[in-house]
Amino acid sequence: MILHQKDLVPKKILQHSVLPKLHPLILLLLFQTWRVCCHPQCLDYKPPFGPQQPLVFCKEYAKFGCCDLQKDEEISSRFYSIMENFDHSGFAACGKYIRSILCQECSPYAAHLYDAEDANTPMRVLPGLCGDYCSDYWLRCRYTLSLLLEDLGGPQQFANLTATIEEDRQRFCDFLELKDKQYCYPNVLTDAELNANLGLVREDPKGCLEVCLQEVANSLRNPVAMIHADDGSHRFFVAEQLGYVWVYLANGSRIDRPFLNLTQAVLTSPWAGDERGFLCIALHPRFTTVRKAYVYYSVSVKREERIRISEFSLSADDDNQLDHSSERTILEVVEPASNHNGGQLLFGHDGYLYIFIGDGGRAGDPFGKFGNSQNKSALLGKVLRIDVDNNYEGVPYSIPSDNPFIGEQGARPEIYAYGVRNMWRCSIDRGDPVTGAGRGRMFCGDVGQNKYEEIDIIVKGGNYGWRAKEGFSCYDRRLCQNSSLDDILPIFDYPHKLGKSVTGGYIYRGCEMPNLNGLYIFGDFMSGRLMSLKENEATGEWQYNEICMGTDQTCKFPKLINSYYRYIISFAEDEAGELYFLATGVPSATARSGVIYKIVDPSRRAPPGKCRIKPLPVKIKGKLIHFHPKEEFVINKKPTTTPVPTTTTPKTTTTRKHTIRRPIIIRKPPIPTRQTTRKIARPQPTTETAKEVTRKTAQRAPIKTTSATTIRPTTVQRGPTVPATTPSTGYRATIMTAVCSRISQTSINSTTSTKRYWRTTPYPASTSSPALSTPQFPSPTPLLSLKRPQGPLLTVTWATYTSQKPKKTQATTASTTLPKVQGEKLWPGGKQQGAEESNQVNKGRRGRGRGYKRRRGGRRLPSGSVRLVSADGLPDRGRVEIFIGGEWGTVCDDLFTRKAGAVVCRQLGFTSVLAVMKRAALGEASSRVRILLDDVECEGGERSLLECKRSKVGKHNCSHEEDVGVICD
């Protein structure tokens, strides 16, 4: 990473005569900003972790890094495989270098070392070294580079690479050196700032804890609650204020039939901020056997507003729907005003149902001498506890025998605690997953009046002070000075300058984010502020930290974002204990702007495999609606905790600021060694082997060179010669020169020194490039060979999508020689398009169905067919285009990996994929060609890209500068 002063400070300021003395201060501030922008990240684009079992080989990363024991053993095996080529002295001299380089995959900063912090850009083949270390490595063991790049049976795009740079220290270190001196190896191990708080929750300079978010549901109408069934299915249930409850499966899909529909009974309105409506749902703790649900909603009975607590039974025919005819009213409480409705139901670990009711509304609890909250003969302003088991006959509930006010005259026996104003969102602590500490504690957020919001821990018989107190302060001074008040103080309160309506949260007890264990996370509805509390177990005090969104670099992981809608309605946890919050951009019961976000810690994750879940199968009746996130990835968003509320989700756009394209390399392809003939001891070949070698030699006609011969990969000149520019050096330039020479290079045998630790590693001859007798070294300009030629030739390799698995035969190639018009527009029918034509297929006869196109021989082309568009006339590589809905279009490179490339190559008849080329490295389509697919994630076994996980057809957040291409084998 290079920080350009001109990019951060206006030129006029730098040239101002008054500011020269301020330059060091400005640069220091800028340098500090730059230093905190990077973060620990692994090569799988996820945070590092602490391995469950200690590492044996790469021991320096045994506590925190990117390798588990299995990966550590793989690196160890590779190391000893390489070291088989060494004698004792070579092992002693070079072993430490090879081990250190291999182990950098385990470094917590592996993504930075490999230039892979962005999932949408290619990464280095080897980790970046510091300059001094690289020079020492070159001086002592430079001939080991090909062993590190070795991958038998792989592609040849890096063949002969090491031979061209091993003898030149400058080129050698340009290839390996990472210019960022803070993050290069080995400086990254000793940098005090990078290692000071490694693995802890990241904080900004003000102490704000930085997290990221993942969108899991959207287009909801004021989502007020999210719960789970605790039945092993890992589905969750989301309630909307309007009266709907929806079922979401573990894969994010939503069942199109509502779990419950009470829209006809629920009292609410489209007014922004209306507190009435469907407010909560709770499932029986033994839901798999008891099969009952309890709901809390507002109703109007004879023009009288009430709170109704009802019981529903699960449908006998559908496990994802309640029997609407089974409603049984458990409790109704008259509401004197339309606000302060409370709205929380939950089951405690004791199996009883807890109900949290507001004080009745208006301001200051003006009802009676002391208000409803201090009046034990009223249910308003209370926490109730009832027993809903065994209520099949007679009364709908019973009173637990240990309720605190059963024997008190005039007190309602349902009361568990009192003196609350309007508790909004409560939760029960699951307890520490190891020690069980904290299990059963009940946390609530109580909305304040004029000055303070508070967080309480609810205990049996507790008086929480309202209306005598608001937070820690007195509200009604006369009541506040009453010695018999005996109230329980909150664990935390905050003034209205931070927020005016608290939303209670949860203590995190999940598995995926170990840093967050024990952290109570909550928010504020009005300000949109996320906050946290952490208990000091020694003193019992709670420490406050605000939570903010991580910067773009901190949250630059796939599928993560760093912004959310302002109005935080509720918090939730799933069956595994992971934490979510529900927010909206428009606080109206009818606005479809509600979103559910999962909280993600980008600093540390759990070890791979530790948190793996296997959801039990769920029988579905109806259709599934697949989830598609509406928010952009963090790459194109600005971090904010309080985005401006809008009635619609922000739309993505394909318009992007034009930037100079950087040289692109292949993302971690398999690397072969150059073909060399070293004088080392080896068994003599048998007669049959000798014949086979002779036959291959006659076919390939390799060029033999001596150690003094310069090895020059060959290229084919296609079209006019491009004037040479200033030669470019460095890692990317070196890689791209080798990639470009791959187009038509031949195999080369060389005879060099007799170093004992070398071995010959022949690779098969390329069938896609003709052998040339005259080697010609390409221009040092890194990207000249990759630019599309100006000549008239164009090759398209294409294949249809069928339900049958493709045979492992050579791909059917349709080579068409036509003038090149408007970029690269050529279709399987061999029809040339004019300058004004788009990629829309001409309309055929009616009745043929959407998604088909006539191809040669009168056969129809189905949706999902793919082709490779190549400007180099090569059938095994090119830009990927897919046929959908009657037109050809391109595929964005976002999240497109070798697995997706394998699907394309296999569909075209090739056996495997050599490399995935991003950033339109194999050609950029015309602006008239539509981008049809984005965010394609494949497992590798799909028959078409349409079967992979992806965005909707035609919906994307990219441009043709990100057209993906593949090289097949």
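Modeller: Helices, labelled H or I and at least four residues long, and strands, labelled E and at least two long, are DSSP runs that are numbered from the N terminus. Please keep in mind that this is a predicted model.

Biologist: How many helices and strands are there in the chain?

Modeller: The chain contains 17 helices and 40 strands. Of its 969 residues, 56% are buried, and the chain exposes about 43,300 Å², of which carbon and sulfur atoms supply 51%.

Biologist: What share of the contacts between residues at least 6 apart in sequence join residues at least 24 apart?

Modeller: The share is 68%, and we shall meet particular pairs that link distant parts of the chain when we come to the salt bridges.

Biologist: Before that, how should I read the peptide bond from Tyr-185 to Pro-186?

Modeller: The general idea is that most peptide bonds are trans. The bond from Tyr-185 to Pro-186, however, is cis, with omega near 10°, and Pro-186 is placed in the loop between helix H10 (169–176) and helix H11 (187–190). A further cis bond runs from Trp-466 to Arg-467, with omega near 15°; here Arg-467 sits in the loop between strand E17 (452–458) and strand E18 (469–470).

Biologist: And what is the sign of phi at Ser-219 and Lys-302?

Modeller: Most residues other than glycine have a negative phi. Ser-219 is not a glycine, yet its phi is positive, at about 60°, and Lys-302, likewise not a glycine, has a positive phi of about 55°. Ser-219 belongs to strand E1 (residues 209–220), whereas Lys-302 is found in the loop between strand E8 (292–301) and E9.

Biologist: Is Lys-302 buried or exposed?

Modeller: Lys-302 is exposed, because its relative accessible area is 81% and the cut-off for exposed is over 50%. Ser-219, at 22% relative accessibility, counts as partly exposed.

Biologist: Now to charges: how many salt bridges does the structure hold?

Modeller: As a general idea, side chains of opposite charge can pair when their charged atoms come close. This structure holds 38 salt bridges. In one of them the side chains of Arg-99 and Glu-60 meet at 2.9 Å, N to O, and this pair links distant parts of the chain, 39 residues apart, with Arg-99 in helix H5 (residues 88–103) and Glu-60 in the loop between helix H3 (23–35) and helix H4 (69–83). Arg-99 is partly exposed, at 22% relative accessibility, and Glu-60 is partly exposed as well, with a relative accessible area of 38%.

Biologist: Where do Arg-308 and Glu-332 lie, given that their side chains meet in a salt bridge?

Modeller: The side chains of Arg-308 and Glu-332 meet at 2.6 Å, N to O; the pair links strand E9 (residues 304–314), which holds Arg-308, with strand E10 (residues 322–334), which holds Glu-332, the two residues being 24 apart. Arg-308 counts as buried because its relative accessibility is 16%, under the 20% cut-off, while Glu-332, at 28%, is partly exposed.

Biologist: Which residue does the side chain of Arg-943 meet in a salt bridge?

Modeller: Arg-943 pairs with Glu-947, at 3.0 Å, N to O. Arg-943 is partly exposed, with a relative accessible area of 35%, and Glu-947 is also partly exposed, at 33%.

Biologist: Which residues are linked in a network of salt bridges?

Modeller: Such a network links Asp-429, Asp-432, Arg-441, Arg-509 and Glu-535.

Terms used
Residues numbered from 1 in each chain as written. Predicted model: local features only at pLDDT ≥ 70, side-chain atom pairs only at ≥ 80, totals over all residues. Heavy atoms only, no water. Buried < 20%, exposed > 50% of the residue type's maximum accessible area, 1.4 Å probe, protein only. Contact = heavy atoms within 4.5 Å. Areas by Shrake-Rupley, 256 points an atom, 1.4 Å probe, with all protein chains shown as cover. Salt bridge = Lys/Arg side-chain N within 4 Å of Asp/Glu carboxyl O.
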